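Student: I am new to this structure and should be grateful for a close look at a single part of it. Please take the sheet as the subject and explain each term as it arises.

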Amino acid sequence: MPNNKIIGDMGEKLAQNYLKRKGYKILDCNFKNHIGEIDIVCFDKSTKTYVFVEVKTRNDLKYGLPREAVGIYKQNKIKTVAQSYMISHDIYNQKIRFDVVEIIDKDVTHIENAFWV
C-alpha cells in the first residue's frame, strides 16, 4: 500500500471521528461513481443539512495547504458526484453543503461551506 494511501486513510478516519464528535451523522464513506468520489457524506443534525466532505491530509506544508488541492476542477467533480448521490438516495429539496476537512500532521481544520453549487 503506498504511503499516500495510508496517510489518506488515516486522515479520513480522523475526519470521521471529528465530525461524529461535532454531532454529525456519517451516512457514507468513499461514495464512488464513474466521475469520481466523495470522501464523506454526512448529515449535520443542528442545521438539517446534507454535507459532502472532501478530506485532504498532509504530514507537512511542503506542497502547500491541503485545502489548496481542492481547486475548481475537483470542486466540479465533487458537485457532480454529490448530485448522483442525492438522486440515488432519493434526496430532494434538502439543504446541502460542501465542506473540506484539512488535516496537517493530525491537526484537524474543518472548513464549512468551502465551496458552493
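How many bridges join β2 to β3, and do they run parallel or antiparallel?

Tutor: The model is a predicted one, in which local features need pLDDT of at least 70 and side-chain atom pairs count only at pLDDT 80 or more, while totals for chains, interfaces and linings use all residues. Residues are numbered from 1 along each chain as its sequence is written, and side-chain values use heavy atoms, with hydrogens and water left out.

β2 and β3 run antiparallel and are joined by 5 bridges. Strands here are DSSP runs of E with at least two residues, helices are runs of H or I with at least four, and both are numbered from the N terminus. Two strands are said to pair if DSSP finds at least two bridges between them. Within this pairing, Val41 stands opposite Phe52 in β3. The two strands form a hairpin with 4 residues between them, and in that turn Lys48 has a positive phi of about 55°.

On the other side of the account stands β1. β1 and β2 pair in the antiparallel sense over 7 bridges, and a hairpin of 4 residues joins them. Cys29 stands opposite Ile40 in β2. Of the 8 residues of β2, 6 are buried, so the strand is largely enclosed by the rest of the structure. Buried means under 20% relative accessible area, exposed means over 50%, and partly exposed lies in between (1.4 Å probe, protein chains only).

The wider sheet is open and has 5 strands in the order β1-β2-β3-β4-β5, with mixed pairing. β1 and β5 stand at the edges with a single partner strand each, so one side of each has no neighbour in the sheet. From one strand to the next the twist averages 30°; axes are lines fitted to C-alpha atoms, for helices over the stretch in contact, and angles run from 0 to 180 degrees between N-to-C directions. β3 and β4 pair in the parallel sense over 10 bridges, and Arg58 stands opposite Ile104 in β4.

The strands also contribute to a core. The largest nonpolar core has 15 residues, and those with the most contacts inside it are Ile38, Phe52, Ile78, Tyr85, Phe98 and Phe115. Such a core is a set of buried Ala, Val, Leu, Ile, Met, Phe, Trp, Tyr and Cys residues joined through side-chain atoms within 4.5 Å. The elements that give two or more residues to this core are β2, β3, α2 (72-88) and β4, and its largest share, 5 residues, comes from α2.

Aromatic rings deserve a final word. A search of the whole structure finds 5 aromatic pairs. Rings of Phe, Tyr and Trp (its six-membered ring) pair if their centres lie within 6.5 Å; planes under 30 degrees apart count as stacked, over 60 as edge-to-face and the rest as tilted. The rings of Phe43 and Tyr50 have centres 4.9 Å apart and planes at 65°, so this pair is edge-to-face. Tyr50 is buried, with a relative accessible area of 17%. The rings of Phe98 and Phe115 have centres 5.1 Å apart and planes at 20°, so this pair is stacked. That pair links distant parts of the chain, with Phe98 in strand β4 and Phe115 in strand β5, 17 residues apart. Phe98 counts as buried at 3% relative accessibility, and Phe115 counts as buried at 3%. Phe31, Phe52, Tyr85, Phe98 and Phe115 form one aromatic cluster.
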